[in-house]
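I sat down with this one to take some notes. Here is what I looked up, entry by entry.

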Amino acid sequence: MKFSANSLKKFVKGACYFETVRGYLISYKYSRAQLDLMNKDGYDEFWRDRGSFSAGIRIELKTDSSYVAFDYSANGGTALSDRSNSVDVWIDGVLYSVLHLEKSKGSVKIDLPSGEKHVSIYLPCDCQFWVKSFEIDGKYKSVKDKGQRVLVIGDSITQGYGAMFSSGSYFNALQRMTGYNMLNQGIGGYRREPSDLMY
């Protein structure tokens, strides 16, 4: 079963705004109003670019599928070889696979263990990561976060830059520990921009 960009949204965690481009789903950690502020003259261009990155965003579902597959496009950011630009798969709370990106566009297929499992796919920290043609071959259920909503702001450490892999950032570790509905609005090099605080 393949999911359209619109139907994939129900599995995306850690995002508050979405766009669709050529069938790709783009997930943002900032709202449309916040992104509009970042696009105004005088806003730091470095922060603007990093504000569109996929840090702290993941695709999460329960499924008995034997695999998960999707096409991707990685845009902006540092070299794709940077260690925090990985796609990480966790199964039932345990790290299962770390895929380091080699190309800016491509397809991913990950074989999964048998039976129903909780699958979490962490998107890269230091680029904008688009996903389309998300596919599984089994039954599925969406996953709900706990009721507590948490906004995390900060600079590169919060964004996840420098982590050994994207899911290894302290933000992602804290989310796994608590199960809370968390939003990572960390931006590398960030100091303080009061107009950003609109969550």
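**Starting at Ser-133**

I opened with Ser-133, which lies in strand β11 (residues 128-136). A note to myself before going on: this is a predicted model.

I checked the backbone of Ser-133 and found phi near 55°, a positive value in a residue other than glycine. Is Ser-133 buried, exposed or partly exposed? Its relative accessible area is 25%, and since buried means under 20% and exposed over 50%, Ser-133 counts as partly exposed.

**Just before that strand**

Next I looked at Cys-127, which sits in the loop between β10 and β11. Cys-127 is buried, because its relative accessible area is 0%. I then asked how many residues separate Cys-127 from Gly-76 in sequence. The answer is 51, yet their C-alpha atoms are 5.3 Å apart in space.

**Another positive phi**

I went on to Arg-22, in the loop between β3 (17-21) and β4 (24-28). Phi of Arg-22 is near 50°, again positive in a residue that is not glycine. With a relative accessible area of 59%, Arg-22 is exposed.

**Strand β7**

I spent a while on β7, residues 86-91. How many of its six residues are buried? Six of the six are, and the strand is mostly covered. I checked the faces separately: one side carries Ser-86, Asp-88 and Trp-90, the other carries Val-87, Val-89 and Ile-91, and all of these are buried.

Then I looked up the pairing partners of β7. Strand β8 (residues 94-100) runs antiparallel to β7, and six bridges join the two. Within this pair, I found Val-87 opposite Leu-99 of β8. The hairpin of β7 and β8 has two residues between the strands, and there Asp-92 takes a positive phi near 50°.

β7 also pairs with strand β10 (residues 117-122), in the antiparallel sense and over four bridges. Here Trp-90 is the residue I found standing opposite Ser-120 in β10. So I have two entries for Trp-90: it is buried on its face of β7, and it faces Ser-120 across the pairing with β10.

**A look at Asn-172**

From the strands I moved to helix α5 (residues 170-178), where Asn-172 lies. Asn-172 counts as buried because its relative accessibility is 3%. What is Asn-172 in contact with, leaving aside neighbours within four places in sequence? I noted Gly-56, Tyr-122, Ser-166 and Ser-167.

**The chain as a whole**

Last, I stepped back to the totals. The protein chain has five helices and 14 strands. Its C-alpha trace spans about 50 × 35 × 30 Å along the principal axes. For 199 residues, a compact globule would have a radius of gyration near 16 Å, and the chain has 16 Å, so the value agrees with that rule.

I also noted that 48% of the 199 residues count as buried. Of the contacts with a separation of 6 or more, 77% come from residues 24 or more positions apart.

For the surface, I wrote down about 9,300 Å² exposed, with carbon and sulfur atoms supplying 50% of it. I counted the charges too: 26 positive and 22 negative side chains, with the centres of the two sets 5 Å apart.

Note on methods. Residues are numbered from 1 along each chain as its sequence is written. This is a predicted model: local features need pLDDT of at least 70, side-chain atom pairs count only at pLDDT 80 or more; totals for chains, interfaces and linings use all residues. Side-chain values use heavy atoms; hydrogens and water are left out. Buried means under 20% relative accessible area, exposed over 50%, partly exposed in between (1.4 Å probe, protein chains only). Two strands pair if DSSP finds at least two bridges between them. The radius of gyration is taken over C-alpha atoms; the globule rule is 2.2 Å times the number of residues to the power 0.38. Contact means heavy atoms within 4.5 Å. Accessible areas come from the Shrake-Rupley method with a 1.4 Å probe; for residues, only the protein chains shown count as cover. Lys and Arg count as positive and Asp and Glu as negative; His and the chain ends are not counted. The place of a charge is taken as NZ of Lys, CZ of Arg, CG of Asp or CD of Glu.
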